[in-house]
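Hi there,

Here is the structure I promised to pass on. My notes on it follow below.

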Amino acid sequence: MAVSYDDYKYHKLASMTLSLDSITGNLPLFMGLDKKLIIDVKDIDKADFNQANFVLNGEALEVLKKLPKSIVQTVVTSPPYYGQRDYCADNQVGTEKDPEEYLNRLVDIFDEVKRVLKEDGTLWLNIGDKYIDGNLAGLPWRLAIALKQRGWILRSDIIWYKPNAMPSSVQNRPTTDHEYIFLFAKNSKYYYDADSIREPHITFSEKSKMKGGRNHLGKQGGTPEQGKNSGNSNLHQGRWDQAFHPKGRNKRTVWEVPLSKFREAHFAVFPEKLIEPCILAGCPEGSVVLDPFFGSGTTGFVSLTKGRKFIGIELNRDYCEIAIKRIFPS
Ligand SMILES: C[S@@+](CC[C@H](N)C(=O)[O-])C[C@H]1O[C@@H](n2cnc3c(N)ncnc32)[C@H](O)[C@@H]1O
């Protein structure tokens, strides 16, 4: 197979630090030859973790225990929700006899996730809740607290607001249209590129306009974002930072992202836009993003398009194939 410009461009994007090793390691993939993109857990010793960009077919805890420590910069993942779906595989997460067993199993899995993370690594964990006998179980927060007790540092609870969430027929409570994404760090000092995910400033409202005064000469009613007050020493450093950062304001904790359109034989697919900020802020170009519940491979797809590498873990072989076809379409 000839190497197209797109292959070349893609290859460059996926690996910013090109050592000779990394070029030759990618050659089979590059030339359509037989680089293994799906690796069975029993062949894990053949996996090249520096090169990455493959999915490991096996059970999350079992596979994680076989990975070397400190190889991953960030983890972006969404485990199966409790009692929600059947992913057609033995030993799947989500089918435990009660929520306690489900939470304990996830905590054990995330202990291993912590081991494979670099010391300045992070975990972005999307998790949904469940009504059990009409009573909201509170599973996201129960998991978050259990993870804190195991040494994770909880840095943010992000609300994923879904503007196109499924309507429901409930009449005695509000319809749920959000989920959580928790940002955890392994240590108090961790990699986080705030500039890569800044938001546009929002023009200040009528109420918050500058009121004028001695140091606002001639600027009554100006909004900072129109630049009318730029350079004014009357603005405190903190306020300046919030209002005027040239790359935009710091990312907020409510993320409005519609549900994904990619539904090929897989449920609960991450919207690409939902995990883009996690990958951009959590991982520098050329480093590795892990998803231990890979599903249709959205984490791998977004990681590669953003110049990062990926490692996926997925129990169901059919989903591994769907993911790899999606990530490497040719
Ligand atoms: C919510 S889906 C993840 C979807 C994914 N975020 C995407 O964008 O497609 C959860 C996935 O975890 C897989 N899974 C369930 N139990 C597992 C286990 N014990 N080990 C590894 N994967 C598992 C399921 O087969 C399913 O594909």
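I call a residue buried if 20 or more other C-beta atoms, placed from the backbone, lie within 10 Å of its own. By that rule, 30% of the 330 residues in the chain are buried. Please keep in mind that this is a predicted model: local features need pLDDT of at least 70, side-chain atom pairs count only at pLDDT 80 or more, and totals for chains, interfaces and linings use all residues. Residues are numbered from 1 along each chain as its sequence is written.

The chain has 9 helices and 11 strands (DSSP runs numbered from the N terminus: helices are H or I with at least four residues, strands E with at least two). An open sheet of 9 strands has the order 1-2-11-10-3-4-8-7-9, with mixed pairing; two strands pair if DSSP finds at least two bridges between them. Strand 1 (38–40) and strand 9 (254–256) are the edges, each pairing on one side only.

Strand 8 (residues 178–185) is a good place to look. With strand 4 (residues 117–127), strand 8 pairs in the antiparallel sense over 6 bridges, and I181 is the bridge partner of N126. Strand 7 (residues 153–161) is also antiparallel to strand 8, joined by 8 bridges; here I159 stands opposite Y180 and I153 opposite A185.

As for the ligand, 22 residues surround it, of which A60, Y87, F293, G295 and T298 come nearest (near means a C-beta atom, placed from the backbone, within 6 Å).

Best wishes

Conventions
Buried ≥ 20, exposed ≤ 12 C-beta atoms within 10 Å, placed from the backbone.
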